[in-house]
Amino acid sequence: MTQNPPNLRPDLAPRARLSEPRREGQPMIGMVSLGCPKALVDSERILTRLRAEGYAISPDYAGADAVIVNTCGFLDSAKAESLDAIGEALKENGKVIVTGCLGAEPDYIREHHPKILAVTGPHQYEQVLDAVHLAVPPSPDPFIDLLPASGVTLTPRHYSYLKVSEGCNHKCKFCIIPDMRGRLQSRPAHAVLREAEKLVEAGVRELLVISQDTSAYGVDIKHAIDKGHRAHITDLARDLGSLGAWVRLHYVYPYPHVRDLIPLMADGLILPYLDIPFQHAHPDTLKRMARPAAAAKTLDEIAAWRATCPDITLRSTFIVGYPGETEAEFQTLLDWMDEAQLDRVGCFQYENVAGARSNALPDHVPDEVKQDRWNRFMEKAQAISEAKLAAKVGQTIQVIVDEVDADGATCRTKADAPEIDGNLFIDEGFEGLNAGDLVVVEVEEAGEYDLWGRLV
């Protein structure tokens, strides 16, 4: 059992987990999936198609006939990580196909790794399949190789990511994701709901709703009604909440209509949890980021959300050391944190990213100042987290079991998303538990980010 420290990269997806037997002579494709949960969903879709074509699949390159590396291009450090993963796969396997966000820069990749077989951009599934067919021809068994009812998943069986749209209409100066993934493209609501139904039927107990901008879902298709379901985040959340699984919303911008989601949380239809990328609190910093500069109004919204649903958990990410950030602007962020009292917080130190408009801004902050501000910000966030968790001691709450080993059960509360938030640990009386169980515990102890409890 491991405790969750504050994460330098809160955009990272959970590690891929997959194991299935390989029949004799069956071609095998490895998958290394980097980046955010949205990229993980892309990996799952590619592998589902490959599985139906008769390929065995593996979450790494060991024993594979070829390897797909799904890359991240969000930060320069993420690009470096992707290049390292490509290089390692080439060294260990030799046959490598690159896809994902960094795939939007094929010349950049080939400059570093000219021996790769193919490069495709994000969600270009057909091109990936074509490249696999050339490298390793399929050899399907029509009696065995069928399209899995719920698709191939790279997460544990009891939770799954549910992507509702691609792309983003925002033009934040520090972000190049719209350049790589395009403008907002929402899926029809009935298609999202059907996928969710199949996942729940297959044993999924928690649906994690993701996109680049979940609260904008349906805007591009004018909230169309198709087969009785309206493409609007409030309607979709209500529909998903009827399936009997936990429903957790990620990447929600604080538009005014978000307040319509809070009564659904108070009524228990969806989890009382919002993941909102505030990024900063000073209006001048937000203006330089090209983001809505309404931090004071945001505090009013937070207060209204908590009045409607006192148990709501708020997660966010922030950037410190953005070009032009003064000490006074950073202090405003710290003061805002004191007011907002967010439950879960991740933080980036600003990095230039090739193609981002923020690179050209004046007054870049020295690295040592960025590090100092990150330290101070995380110290503040940690103190808030520790106090909030201490207040939970003595409460009786429901948790979901993620993993059971010889030392105990690792669980999560409704306030914790997989991998990025904290855990609740059960050290005694856990022997009969299994991953995916929903159980009730009494909280006995609290740390900086995690809880300990006993079964009730």
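In this predicted model, leucine 342 makes contact with a broad list of partners once neighbours within four places in sequence are set aside: Phe278, Ile302, Arg306, Leu314, Ser316, Phe318, Trp336, Met337, Ile384 and Lys388. Leu342 also turns up, together with Leu274 and Phe377, among the residues with the most contacts inside the largest nonpolar core, which has 52 residues. Helix H11, running over residues 327–340, gives this core its largest share, six residues. Apart from this core sits another one of 26 residues, including Met31, Val41, Ala118 and Val132.

Those cores belong to a chain with 12 helices and 20 strands. Of its 456 residues, 54% are buried. The C-alpha trace spans about 60 × 55 × 50 Å along its principal axes. As for overall packing, the radius of gyration is 22 Å, and a compact globule of 456 residues would come out near 23 Å, so the two agree. Contacts reach a long way along the sequence, too: taking those between residues at least 6 apart, 75% join residues at least 24 apart.

Next come the empty spaces. Rolling a probe the size of a water molecule over the atoms shows where such space is left. Searching the whole structure turns up four cavities of 30 Å³ or more, and the largest of them has a volume of about 520 Å³. Its lining counts 29 residues, with Lys38, Phe74, Ile177, Gln212 and Tyr251 the closest to the centre. By type, the lining of the largest cavity splits into 17 nonpolar, six polar and six charged residues. Helix H1 (37–52), helix H5 (177–181) and strand E14 (313–320) each put at least two residues into that lining. H5 provides the largest share, three residues.

The largest pocket has a volume of about 670 Å³. Here the lining is made of 29 residues, and Pro272, Asp311, Thr313, Lys392 and Lys414 are the ones nearest the centre of the pocket. The lining of the largest pocket breaks down into 15 nonpolar, seven polar and seven charged residues. Strand E12 (246–249), helix H8 (262–266) and strand E16 (396–405) each contribute at least two residues to the lining of this pocket.

Two individual residues round out the picture. Arginine 376 lies in helix H12, which covers residues 367–390. Its relative accessibility is 25%, so arginine 376 counts as partly exposed, the cut-offs for that class being 20% and 50%. Leaving out residues up to four places away in sequence, arginine 376 touches Glu327, Phe330, Gln331 and Leu334. With glutamine 331, the separation along the chain is 45 residues, while the C-alpha atoms are 10.0 Å apart.

Aspartate 267, for its part, is found in the loop between H8 and strand E13 (273–275). Its relative accessibility is 63%, and because exposed means over 50%, aspartate 267 counts as exposed. Aspartate 267 and glutamine 371 lie 104 residues apart in sequence, and their C-alpha atoms are 42 Å apart in space.

Key
Residues numbered from 1 in each chain as written. Predicted model: local features only at pLDDT ≥ 70, side-chain atom pairs only at ≥ 80, totals over all residues. Heavy atoms only, no water. 1 Å grid on protein atoms, 1.4 Å probe; cavity = no way out; pocket = protein on both sides within 12 Å on 5 of 7 lines; lining within 4 Å. Points joined across faces, edges and corners; volume = space filled by probe spheres on them. Helix = DSSP H or I, 4+ residues; strand = E, 2+ residues; numbered from the N terminus. Nonpolar A, V, L, I, M, F, W, Y, C, P; charged D, E, K, R; others polar. Core = buried A, V, L, I, M, F, W, Y, C linked by side-chain atoms within 4.5 Å. Buried < 20%, exposed > 50% of the residue type's maximum accessible area, 1.4 Å probe, protein only. Contact = heavy atoms within 4.5 Å. Rg over C-alpha atoms; globule rule 2.2 N^0.38 Å.
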